[in-house]
Amino acid sequence: MAGAQRFRFREESGPGAHGTVLEVRVPQVLHVQYGMYVWPCAVVLAQYLWFHRRSLPGKAVLEVTGPSKFPHIGAGVSLPGILAAKCGAEVILSDSSELPHCLEICRQSCQLNGLSYIQVVGLTWGHITKDLLSLPPQDIILASDVFFEPEDFESILATVYFLMQRNPKAQFWSTYQVRSADWSLEDLLYKWDMKCVHVPLESFDADKEDLAESALPGRHTVEMLVVSLRKNSF
């Protein structure tokens, strides 16, 4: 198994008191071909989950990844999903069904945190597969930095829309790194009968360069979105 990277999320405490600390360990894979490491967006999304941790027990949560940023590379080590599971959510982790090494990294993340019981499934954006069809209704869908290539946006939202049809009250919690001012999700969200709220980072204590005792997100500009079906209010 790869080495581990630690992230510690702390609860603010009053004078003279010690707040709760939750540690999450994820594999630190250094193989240049895989690029499997924690991206800035994942730490911001994990902080959002930590801020809302009291609402997570018993919630059905699916973390999805990709499309990968480079050919044949996976898209992360499941930091947000692992944190959600440690906060009491019923979590399913996924990565591309075409990248078995990425699915193995998800399993390693579970083992490092004593969560070997978590289900790991192979899913690919835009593909209606047996594994996708067999998923139970989800309350929250998590995705960090999936909005990378504009040509992939439609496949991402089509899959999210399909999942939301199973539970129309489900929400899609997603972070993305602002890389260009030339594209917007608004038109596509309208097309798929969705709406979104941009959540200010300062509203969940994520407006810092060093979250969870790490060097992330650094100086990267990250946006936090909560997406739902238009006919349902937040």
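How do the residues of the lining of the second largest pocket divide into nonpolar, polar and charged? I started my notebook with that, keeping in mind that this is a predicted model.

**Entry 1: the pocket.** I looked up the lining of the second largest pocket and found five nonpolar residues, one polar and nine charged. The volume of this pocket comes to about 280 Å³. I counted 15 lining residues, and those nearest the pocket centre are Arg10, Glu12, Gln47, Trp50 and Lys208. Next I asked which elements give two or more residues to this lining. They are strand 1 (3-10) and helix 1.

**Entry 2: the sheet.** I then turned to the strands. Seven of them form an open sheet, and I read their order as 5-4-3-6-7-9-8, with mixed pairing. Strand 5 (119-122) and strand 8 (194-199) are at the edges; each has a single partner strand, so one side of each has no neighbour in the sheet. On average, I noted, neighbouring strands here are turned by 25° against each other, direction ignored.

**Entry 3: one strand pair.** I picked strand 7 (residues 171-177) and strand 9 (residues 222-229) for a closer look. They pair in the antiparallel sense, over six bridges. Within that pairing I looked up Trp173, whose bridge partner in strand 9 is Val226.

**Entry 4: the helix on the sheet.** Back to helix 1, which I had met at the pocket. Helix 1 spans residues 40-51 and packs on the sheet, where it touches strand 6 (140-144), strand 7, strand 8 and strand 9. I also wrote down its direction, which makes about 145° with that of strand 7.

How values were computed. Residues are numbered from 1 along each chain as its sequence is written. This is a predicted model: local features need pLDDT of at least 70, side-chain atom pairs count only at pLDDT 80 or more; totals for chains, interfaces and linings use all residues. Side-chain values use heavy atoms; hydrogens and water are left out. Two strands pair if DSSP finds at least two bridges between them. Helices (H or I, at least four residues) and strands (E, at least two) are DSSP runs, numbered from the N terminus. Axes are lines fitted to C-alpha atoms, for helices over the stretch in contact, and angles run from 0 to 180 degrees between N-to-C directions. Contact means heavy atoms within 4.5 Å. On a 1 Å grid over the protein atoms alone, a cavity is a set of points where a 1.4 Å probe fits but cannot get out, and a pocket is an open set with protein on both sides within 12 Å along at least five of seven lines; lining residues have an atom within 4 Å of a point. Grid points are joined across faces, edges and corners, and a volume is the space filled by probe spheres set on the points. Ala, Val, Leu, Ile, Met, Phe, Trp, Tyr, Cys and Pro count as nonpolar, Asp, Glu, Lys and Arg as charged, and the others, Gly among them, as polar.
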